[in-house]
Every structure is written in C-alpha cells, then in structure tokens.
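Trainee: Please take one part of this model and go through it closely. I would like a single connected account rather than a list.

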Amino acid sequence: MSKKSKRILIVDDVREILTGISSILEMEGYEAITAENGIQALEVIDNNIDLVVSDILMPEMDGIELCQIIRDKFPDIKMILISGGGRQSNLKSNYDYLETAKKLTGVDTLLKKPFNPEELVSQINSKLK
Amino acid sequence: MRLRIVLIIPLVLVLLSTGFSLMFYFVTNGQAANIIRNQDLLKVKLDITRLQNILYSLLTEDATDLETARLNLSVTAMDNNIKKLLVTAENDVVLIANRYNWENLSANSISGYKNIEAKKIKLSNHQELIFADEEETLLIGYYPVVIKLENVEGFPIKQRGVLYIEYSMENKLLKAKRVALNQSATIGMVLFGVSFVIGLMLHMLVSRRLSKLTLVAKEISKGNLELKSNLRGNDELGALSSAFDEMIDRRKIAEKELRHVNENLEEIVEQRSDELEEKKQELLETQAHAHHASKMSALGEMAGGMAHEINSPLQAITLLTYKLKKANLSTSAEQRSEIANRIDETVYRISNIIESLRKMSRGSSSDPFEVAALKDIVDNVIGITKERYFIKGIILKIIYHDNSETVEAECQQTLIGQIIINLLNNAYDAVKELEEKWIKLEIFSDDEKVDFVVTDSGKGISEELREKIFDPMFTTKSIDEGTGLGLSLSLEIARKHNGSLTVDASSINTRFILSIPRFNKGT
C-alpha cells in the first residue's frame, strides 16, 4: 500500500509517450500525473510529488531547466531524465549531450529513448524504496 | 611646283657664267680695240711720216720723179688695211694714188677726202692731221707735202700738196672681236660645264639621295620597315641616312619587341584563361561540394528531429508491448487487439518517415524532370519536419489554394522538396525563440506555374539583407547552425527550373516565394 502513496510526475511533449508511461506506471501501482512541458510541470508540482520523469527536449521549457528549478525548490524530489536524442547541433556527440545534461541537473539517471519500460520501472522502484 | 635646290644652284651658276662671259667679252673686246687703235695710229704715223719724207726728197728736192714716188707709195700701200693713199696737188687733183684710176681726178670725188681738212693742213704748220672716223674703224690722215710741179708755162714751182691716207682697222677689230668672242665663249662653255657638273653632282649627291630618303620616310610612315636608305658616303646626307637606317632598325626592334609583348600578352591571356578555367572548375567542384554539404546540413538539421520523430513512436511501441506483456486476465481481448493495432499504426508511421527521408536524401541536380503531384512533394517534406515544429510549439499550417492538391508539375521533385525544407528550416530558426510562432506553407497554382509560399511569424527581412541572403556563404546564423549555402543553392535550383525564389518585400511577415513553371525540361 505504500506504493499507492508514491506520486510520479511525468513530463513529455509527445502525448502518446505521456499516456503510455502513465498507464504502465499505474499498472505498477503508482499515481501518475502528467504535464506536456516544463511550465505545465511547475504548475502542478508540489512537495507531494515523489519523483519526476522528464523528457529533455520540449517546447516552452525544456527538461534541463525544469530539473534545475526542481532541484533548487524541491531538493527531496527524485528525478529521472529521458532523452529523445533530439536536436543537439551545438554539441559534438550525443554522449557529450547526455553528460552535459547530467552535469547541469545533477540527475544521475538518464534513459535514452527508446528505453525498455522495465528499465524505467526498476529505476523508479529502486529510487522510491 | 616644287622648288628644287639642286636646280636653282646650277641655274644661278649658268646665269652667273653667262653674265661673266658677256662681261669678259665686252672688256676684252674693248681693250683689244683700244690697243689696235693705238698700235695702228702709231704704225700709220710711222709709215706715213716715212713716206712723207721719201716724197719730200722725190718731189721737192730733186727733179720731180713721179714714177719713183708712185712706186714708194705703192710699196707703202701694200698694207691691205690702207684703203686709200693719195697725194693731191694744191688744187686737190690727185697726183698719185694707190689706185691708178683715181689719178688726175678731183680728190673731192673720192669719198672720205675732204678739201676743208686738206686746206687746214695746207694752211697750218702742223705736221699732220690724223683722226679716226665716227665709227672708229677708219683712220683718216692728212699730211702736208711740198711738190715741185711745172706750171702751165712749164716752169717748175713748188706747191703745197696733201698726202691723204685712209686706213681701215676694221679687219683687225673684227679679228679681235672674234678672238674675244671665242675666248668668252670658251669661258662661258667652261663655266656652263662646271655648272652642269655641279648640278649633276648635286643631283647625284643630294637630290637622288634625298628622294631615296623621302621614299624611305614615306614607306616608314606607311609602316613598311623593310626598305632602307643605305646611302654611302661620309657626308651629312650619309650621316642622315645612317641615322635614318638606325632609326628604322631600332623601330624594327621595337616593333619586334612589341609583337613579342603582344604574343606574350596572348600567352598570358591564354594562361589566365586556363587559370580562370581551373578556378571555374574548382568553383564548380566547390559548388558541388557545397550543394552536397548543404544537403547534408539540411539532413543533419533534420536528423535531430528525425531521431525524435522515430524514437518517439519506437518508445510508444515499447510501452505498448510492455502493456501487452503485463496484460492480465482483466484485460479484454478488445483492449489487446487495440494495443496491437496501435503498434501496427506506429510501425507504419515509422516506415513512412523513413521513406520520406530516403526520397529527400536521394535528390541531385542530375535528376530527371518528372511529373510530380504537388501533394506528394509537400507530404514528403512535412513527413520529415512535422515533429520538429510540434516539439518547439510552432504551429505549421499547410494550405492548398486553387485546388493545388490535384495539380502536378514537371520538376526535379526531390530538389524542389529540398528547397521547401530549406525555407521551412529557415522559418523554424527564425521563429523558434519568438513569442508568436507559426509557419504557413501555401501552395498556389495556375495553368502555367506553381508557387510554394512559406510565411512565418518573423518580422520580415530588412531591405539591406534582402540583397545578401541569396549570396553563397552569407548567413545570420551561428557557425554551428548554418553554412550559408541554403538559399543560394535553392536559388540556383529554382533558376534551373526556369523559376524564381524571391522575398516578398510587401509582406509584414517574412515571406519567401518559390515559383516554378508547371511544364519544364530545365535549363
């Protein structure tokens, strides 16, 4: 029953991913809240949120900026970043890009799309133990 | 009529020599005449005085011996120049004469003799009266003689008579005249000859050579340098000639050099042309590279979107399969079938994206011109780019006017698609950071042409930039974002389609118009 109390905020601009992730997390017994971009996410976020899963590349406010704000305002909230391997023209490689994202946000878990949903579930499980 | 120095000088010389000859003649003749007159006067005086003495002894002292007197008179008169030699008595009757028929005639009847003159000499004590006639060719002399003659009674008495002489100098004067004439003629001839020789020399030395120089000079002025004056001699003309020839030689050399320079110039021009040709080739290669680079750049820009575009549906599939795997009994068959259908759809979407990408990446300037539906062109473009706009929250509207969905155009489909992608990419970069972000792709068509019009929410392009944006290498983007080749290559492709790519300056928003004819074989 303790799982039920865990609330996860999912932020992604692609709706089918948003709904896909939220439906499997609900299948795993988590409460899923969705937001389509960083701004929407900041509107709904509060201390009742235990974990945020955020895409990096999004319109309005991207995942990196969002994570930086969350890290400053809600240091207790755990975070997982997911990357679509999107536009990265001012960085040499995808690896640099992901490392930079980690450094900027302090997030240690970064999943590259398409990731195995089981991997996501196990990462969430381990973070919310 | 040209004045000829070489004629004037001999002419002057001829005139001078003629004048000199004439003067010589007159002077010589005059002097000779004077000498003759003086000599003859002396001679006549001498001869006649001698005769006078003889006559005196014969006619006065002894018995009158007329015969001996006549003989002596004849001897004296043997001189041919003595025309008349008479002795007249007191009554002017000729006593003896060098011609017998004059004897016993009245002396007055013989021309020349004047009894007045005879009387003068008879009455005076003068020993002689001798003078030249008016023409100065005759010497006329009256000498007194005393003759003892018998009077009518037969008694010898002395009476005063006259010895009359008429001496002609004409022959001598004529001879002298002839001599003078001969001499002056000779001198004149000599001087004339000298003039002729001088004239000839002038002709040979000056005139002929001058005319040769003139000829050469004329030839030079015509541009012919083959002729030379080649005058021999150490004189001034020779010097002029060699100076002339030297000038010709130098000019020849100069012309040769000039020709050489000209030829070199041709060579240089040829070389430059070759270099230009090389540069052109290089440029063409660069352009080809650039075209490729631009295509790669467009593809690269798309690749990010593409990754997202493909990764998202792939992610969706994994999420859906996870759901299927975790499906339990509470999941209905319908629900499972729906999940499976969604997976199929997603796979189909991915394959569409890949097909568009394949088509877009294939295009090259050597593609054939083929009939293509405008809708296909647009769909291929949008298939690749749609995701990017969505991510950035950019509203992309595609509007077909004039029933353009059904219209076809003869073109290099892929290249036209690339131009549109390029325009859309530019629009994307322009609006992505703006408050208001939208991009509109409109398609217009009529019987002859097709317009693809890309408008974005940007605030247009300044007049000054409008001229530059089609230059190769011009870009307003950072070095990572753009190569600057997009618009110039797009313009090139449009032109190859006999079309145009322009900025609509009248639009408030940024608005590019790609216009191509519907029927086309390219240029």
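Mentor: What follows looks at chain A and its helix α1, then turns to chain B for a helix pair and a loop residue.

The model is a predicted one. Chain A contains five helices and five strands, and read from the N terminus its elements follow the order β-α-β-α-β-α-β-α-β-α. Of its 129 residues, 53% count as buried. Among the contacts in chain A with a separation of 6 or more, 69% are between residues 24 or more positions apart.

Helix α1 of chain A covers residues 15–27. Its 13 residues, at 1.5 Å a residue, should span 18 Å, and because the end C-alpha atoms are 18 Å apart, the length agrees with that expectation. The buried residues of α1(A) include A:I17, A:L18, A:G20 and A:I21, and further along A:S22, A:S23, A:I24 and A:L25 are buried as well. Just after α1(A) comes A:G29, with a positive phi of about 95°.

Cysteines give a link between the two chains in this account. A:C67 has 0% relative accessibility and therefore counts as buried. In chain B, B:C411 has a relative accessible area of 1%, so B:C411 is buried too, the limit being under 20%. Over all chains the structure holds zero disulfides.

Chain B also offers a helix pair. Helix α8 (residues 413–431) and helix α10 (residues 486–496) of chain B have axes that come within 10 Å and cross at roughly 150°. The crossing of α8(B) and α10(B) is left-handed. On the α8(B) side the contact is made by B:L415, B:I419, B:N422, B:L423 and B:N426, and on the α10(B) side by B:G486, B:L487, B:S490, B:I493 and B:A494. Sorted by type, the residues of this contact are six nonpolar, four polar and no charged.

The last stop is a loop. B:V407 lies in the loop between β7 (395–400) and β8 (408–411) of chain B. Its relative accessibility is 10%, so B:V407 counts as buried. Leaving aside neighbours within four places in sequence, B:V407 is in contact with B:A372, B:A373 and B:L374, and also with B:S445 and B:R518. B:V407 and B:F444 are 37 residues apart in sequence, while their C-alpha atoms are 9.6 Å apart in space.

Technical notes
Residues are numbered from 1 along each chain as its sequence is written. Chains are lettered from A and ligands numbered from 1 in the order in which they are written. This is a predicted model: local features need pLDDT of at least 70, side-chain atom pairs count only at pLDDT 80 or more; totals for chains, interfaces and linings use all residues. Side-chain values use heavy atoms; hydrogens and water are left out. Axes are lines fitted to C-alpha atoms, for helices over the stretch in contact, and angles run from 0 to 180 degrees between N-to-C directions. Helices (H or I, at least four residues) and strands (E, at least two) are DSSP runs, numbered from the N terminus. A crossing is left-handed if the near helix is turned anticlockwise from the far one by less than a right angle, and right-handed if clockwise. Contact means heavy atoms within 4.5 Å. Ala, Val, Leu, Ile, Met, Phe, Trp, Tyr, Cys and Pro count as nonpolar, Asp, Glu, Lys and Arg as charged, and the others, Gly among them, as polar. The expected span of a helix is 1.5 Å times one less than its number of residues. Buried means under 20% relative accessible area, exposed over 50%, partly exposed in between (1.4 Å probe, protein chains only). A disulfide is a pair of cysteine sulfur atoms within 2.5 Å.
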